[in-house]
Amino acid sequence: MHIDSVEIGNFRKLQSVQIGVSSERTVFVGANNSGKTSAMVALRYFLIDRERSKISLNDFTLSHWPVIDKMGDTWESAKSVDQDLPVPTWSPVLPFLDVWLTVAKSEAHFVQKIIPTLDWDGGLLGVRLLLEPKDSEQLQKDFLAAREDAKTIEAANANTGDAKPKDANQSIMLWPRSLTEFLQRRFASQFTVRAYILDPAKRTEPVFGLAKPQALSEDAVPIEGEPFKGLIRIDEISAQRGFGQTDGGRDADEDSSAVGASTTRKMSEQLRRYWNKHLDPFENPDAKDIKALKAIEHAQKAFDDRLREGFATALSEVEGLGYPGVTDPRLKISTRLKPVDGLNHEAAVQYLIQMVDGENAVDLNLPEDSNGLGYQNLISMVFRLMSFRDAWMRVGKVASKTVADPEILIPPLHLVLIEEPEAHLHTQVQQVFIRQAYKILRKHSELEKSGSTLTTQMIVSTHSSHIAHECDFDSLRYYRRLPASEKGVPNSCVVNLGSVFGVDLETKRFVTRYIKVTHCDLFFADAAVLVEGPAERILVPFFVRNHPGLKELHECYVTWLEIGGSHAHRLSSLIEHLGLTTLIITDLDAMDGTNKSVSPARGAKQKSRNATMSKWWPGNNDMDALLDLKPQNKVKEYKDQQFAIRVAYQCPIQIDFKKQKVEAITNTLEDALVMQNLVFFSKAGGKGFFSKFKSAIGTSTSIDDLGKKLLKELKTGSKAEFALDLLEVEDPTELQPPHYIYEGLIWLTTQLRQKQQDLGVVASVTATEAKAI
């Protein structure tokens with residue numbers, strides 16, 4: 001048995017998403033404000049905090065608020081003309097969480113409450129946890145009564161001279177002015193979470209990351225009691241886990257009435273909790289516990305004797321004052337030793353540091369607070385995972401406490417939620433944690449058995465590319481921000497990256513290895529730029545930082561990927577599924593009929609050897625067609641996914657050479673850079689390519705002659721070294737980016753500006769406003 005997927009609807013940014021849950025670990029990735037936290041909060045609110053019900057109106061998708069207010073207005077309009085009140089239509093706007101389980105027929109006894117029909121023979125089972133009005137008709141009456149009271153008071157005040165506003169156009173509106181305002185105060189008393197059985201036959205797959213959840217029938221009856229009781233144990237490590245502070249939540253198995261039940265994550269506090277749950281010798285003592293209790297009793301007796309001896313003089317002095325009398329009780333000093341008291345102080349956990357002084361080693365101890373936050377965070381999370389596992393498996397005293405429990409079976413599913421584990425951890429430790437966390441949750445003899453029916457599933461949300469790189473594609477869930485639709489607000493969709501490559505395992509292996517080796521942050525960026533080689537990887541960001549027309553782009557979160565034109569197209573499926581705005585900066589790579597590299601020329605029946613342009617975009621390798629392609633045709637729009645890509649390669653430019661206006665056609669970044677900056681390179685000093693290019697410019701008789709000389713020289717040196725030398729230019733603004741690169745970067749700037757506007761980040765962005773963003 002395992003959780004197959006969850007669907008979240010009408011909850012914050014997640015209006016309709018399906019999130020596949022991997023059999024072991026599932027990792028949420030995506031840019032900031034893409035909905036990862038919303039998903040974790042939805043899981044927490046619906047699965048963990050149902051009884052404490054922290055859900056509020058603010059958790060409804062924002063675009064539904066006008067719909068709710070309009071519904072309230074129709075109620076008022078009907079009442080004002082003495083018509084029958086419309087039936088409340090809450091279903092389209094109510095937040096919900098659908099949990100889909102895959103269950104074998106032999107496990108039917110665990111899920112008997114949620115089996116939809118007698119014909120069920122194993123497979124999918126679904127439960128919807130729906131936030132809905134306790135009584136929609138009563139809510140309607142309460143709202144209309146509150147509005148009527150507000151109108152009555154407003155009318156009474158309007159008839160009072162001193163209550164009239166000075167401005168005749170100004171009006172005083174009392175609570176509630178709308179249905180949403182009414183619910184903001186009365187939400188907890190009006191709404192509750194109920195569970196409903198879903199029909200597996202009506203489950204559909206998402207389209208472009210957007211789910212198609214099934215509608216409940218009008219006669220659907222809620223499930224009595226908790227649908228997952230005895231079925232799923234859920235634990236959580238939230239992002240707000242300040243050491244020595246509280247984060248407002250508790251572990252799922254914590255006693256809310258216990259002293260110190262706040263969620264401080266200091267190691268000493270966790271050790272005390274672990275002791276109380278699993279090790280306390282006073283709870284059902286065994287032979288080892290009795291031995292320890294005898295030692296405690298002996299120590300207590302010896303301490304009592306010492307106290308009586310020490311206080312004898314003082315007590316005798318008190319008795320000399322006439323107290324106690326014959327009938328008064330006498331004073332006795334006694335102690336009470338509890339094992340947990342040894343952990344109930346600041347120095348209960350210490351870190352041992354060994355100092356070697358010559359031949360002698362001295363052990364020095366530091367208190368817990370003296371260690372680094374990263375180390376504290378790592379130890380704290382690992383210990384909590386161990387505690388979750390042991391509580392689930394009823395290790396130690398927990399087992400004895402549940403003997404009398406009629407529901408003695410261990411829940412077959414253990415779901416663990418971990419939010420942003422990377423806090424305070426350096427990159428190597430982040431990678432170690434995500435590799436080891438699941439192993440810790442399974443480190444128990446019963447769980448390690450082959451064929452164990454007990455399942456652990458771990459869900460992690462992260463902003464760390466280092467954690468993402470340690471995970472298989474099959475476990476990654478990418479949260480993508482979507483622009484606002486008409487009269488709507490921005491929301492998000494979720495892409496299962498495990499399905500990106502389909503059956504193309506070779507491409508999947510290549511992309512997985514490439515991303516791990518380059519450590520790119522593709523899953524967290526606003527846009528991507530794919531560049532041809534190391535020279536482009538060095539110089540294109542240099543142009544963005546220093547060119548006045550590109551400063552706006554410098555403020556955006558862009559990831560740079562160095563991948564040649566022969567391989568860039570292999571990222572196409574991933575880019576398209578991510579819906580990531582992408583600029584591909586590549587080379588023409590002209591070749592003649594014999595596949596020999598040549599300088600590009602018109603009418604020479606040349607082809608481009610660049611696989612990206614033939615297999616991805618623009619889908620053509622004919623040199624004449626590529627040279628004449630208009631800028632707008634270099635853009636490929638994905639309208640269904642609301643994003644675009646653009647290819648940028650060397651295109652013909654008009655330059656002044658030998659006092660003549662000529663057309664220059666280049667083949668690589670380096671010769672395009674020279675053609676764009678003839679004056680700069682004709683005057684530049686230096687060695688290597690600098691002197692070679694200067695000589696080529698001076699000795700060439702035509703632009704074609706210069707192109708051939710540049711092509712020859714570029715075969716004799718290091719392009720990356722040349723790019724690094726260009727970084728040392730005294731005035732970077734003297735060096736102009738090649739036209740094809742500048743044109744592509746301007747397109748990317750425009751796309752990101754529009755994207756920010758669509759996502760509601762800014763109303764509009766111009767180059768002069770970029771610094772203010």
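In this predicted model, R44 counts as buried, since its relative accessibility comes to just 15% and the cut-off for buried is under 20%. The residue belongs to helix α1, which covers residues 36-48. Leaving aside residues up to four places away in sequence, R44 touches D49, E236, S238 and E419.

Next comes a sheet. Here 5 strands line up as β2-β1-β4-β5-β6, giving an open sheet with antiparallel pairing. The edges are taken by β2 (14-20) and β6 (191-198); each has a single partner strand, so one side of each is left without a neighbour in the sheet. On average, and with direction ignored, neighbouring strands of this sheet are turned by 15° against each other. As a general point, strands of a sheet pair through backbone hydrogen bonds.

Within this sheet, β1 (residues 2-11) and β4 (residues 96-103) run antiparallel and are joined by 7 bridges. V6 has V99 of β4 standing opposite. Strand β1 also holds N10, a residue other than glycine whose phi is nonetheless positive, near 60°. N10 counts as buried because its relative accessibility is 6%. D82, found in the loop between α2 (65-80) and β4, is not a glycine either, yet has a positive phi of about 55°. With a relative accessible area of 73%, D82 is exposed.

Helix α4 (residues 179-190) also belongs in this picture: the helix lies across β5 (123-133) and β6, and runs at about 55° to β6. In the loop between α3 (136-158) and α4 sits P176, which is joined to W175 by a cis peptide bond with omega of about -5°. Another cis peptide bond runs from W617 to P618, this one with omega near 10°. P618 lies in the loop between α16 (611-615) and α17 (623-628).

Further along the chain there is a hairpin to look at. Strands β19 (residues 635-638) and β20 (residues 643-648) run antiparallel, with 4 bridges joining them. Y638 stands opposite F643 in β20. The hairpin has 4 residues between its strands, and Q642 takes a positive phi near 60° there.

Finally, the surface carries a nonpolar patch made up of M355, V362 and L364, which together offer about 230 Å² of accessible area. M355 is part of strand β8 (residues 350-357). Its relative accessibility is 42%, so M355 counts as partly exposed.

How values were computed. Residues are numbered from 1 along each chain as its sequence is written. This is a predicted model: local features need pLDDT of at least 70, side-chain atom pairs count only at pLDDT 80 or more; totals for chains, interfaces and linings use all residues. Side-chain values use heavy atoms; hydrogens and water are left out. Two strands pair if DSSP finds at least two bridges between them. Helices (H or I, at least four residues) and strands (E, at least two) are DSSP runs, numbered from the N terminus. Axes are lines fitted to C-alpha atoms, for helices over the stretch in contact, and angles run from 0 to 180 degrees between N-to-C directions. Contact means heavy atoms within 4.5 Å. Patches are made of residues with over 30% relative accessible area and no salt bridge: like charges are joined within 9 Å, nonpolar side chains (Val, Leu, Ile, Met, Phe, Trp, Tyr) within 5 Å. Accessible areas come from the Shrake-Rupley method with a 1.4 Å probe; for residues, only the protein chains shown count as cover. A salt bridge is a side-chain nitrogen of Lys or Arg within 4 Å of a carboxyl oxygen of Asp or Glu. Buried means under 20% relative accessible area, exposed over 50%, partly exposed in between (1.4 Å probe, protein chains only).
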